[in-house]
Amino acid sequence: MTLLSMLKQGESAKILRYQTLPPHANHLQSLGLVPGTVVSIHRVAPMGDPIHLKLRDYDLCLRRDDLACISVAPMT
C-alpha cells in the first residue's frame with residue numbers, strides 16, 4: 001500500500017481511499033481529493049512540509065500529515 005505522503009516530487013498517483021475518520025475524510029473531499037482523482041507532487045518544501053500538489057485544474061498545498069491518510073495507486 002502506498003500513501004500519498006510517500007510520493008516524491010514529480011510522481012503521480014490515483015487516489016484510492018482514505019484511512020481516517022469521516023470528518024477528516026469529508027474535509028479532504030471538499031478540497032478535491034476525491035477517490036479516482038489523479039494527483040501529482042509538484043514540489044516539496046526543503047524540510048519536507050508542506051507538499052504542493054497539482055490536481056484537476058488547480059494547485060493545493062497540504063501538510064504531510066494530512067496526506068499520510070490517503071491511499072493511492074502510483075501511475076506508471
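A nonpolar core is a set of buried Ala, Val, Leu, Ile, Met, Phe, Trp, Tyr and Cys residues joined through side-chain atoms within 4.5 Å. The structure described here is a predicted model, and its largest such core has 19 residues. Those with the most contacts inside this core are Leu4, Leu33, Leu53, Leu67, Ile70 and Val72. In soluble globular proteins, nonpolar side chains tend to be buried together.

Several elements of secondary structure each supply at least two residues of the largest core, among them α1 (22-30), β2 (12-18), β3 (38-44) and β6 (70-74). The strands β4 (51-55) and β5 (58-62) each do so as well.

Ile70 illustrates how distant parts of the sequence meet. Apart from neighbours within four places in sequence, Ile70 is in contact with Thr2, Leu3, Leu4, Ile15, Arg17, Tyr18, Leu28 and Leu33.

The strands β4 and β5 pair in the antiparallel sense, with five bridges between them. Together they form a hairpin, and two residues lie between the strands. In the turn, Arg56 has a positive phi of about 50 degrees. Lys54 stands opposite Asp59, a residue of β5.

A disulfide is a covalent bond between the sulfur atoms of two cysteines. The structure holds zero disulfides, and the table gives the relevant distances for two cysteines.

| Cysteine | Disulfide | Nearest cysteine sulfur | Distance |
|---|---|---|---|
| Cys61 | none | Cys69 | 17 Å |
| Cys69 | none | Cys61 | 17 Å |

Cys69 counts as buried because its relative accessibility is 8%, and the cut-off for burial is under 20%.

Note on methods:
Residues are numbered from 1 along each chain as its sequence is written. This is a predicted model: local features need pLDDT of at least 70, side-chain atom pairs count only at pLDDT 80 or more; totals for chains, interfaces and linings use all residues. Side-chain values use heavy atoms; hydrogens and water are left out. Buried means under 20% relative accessible area, exposed over 50%, partly exposed in between (1.4 Å probe, protein chains only). Helices (H or I, at least four residues) and strands (E, at least two) are DSSP runs, numbered from the N terminus. Contact means heavy atoms within 4.5 Å. A disulfide is a pair of cysteine sulfur atoms within 2.5 Å. Two strands pair if DSSP finds at least two bridges between them.
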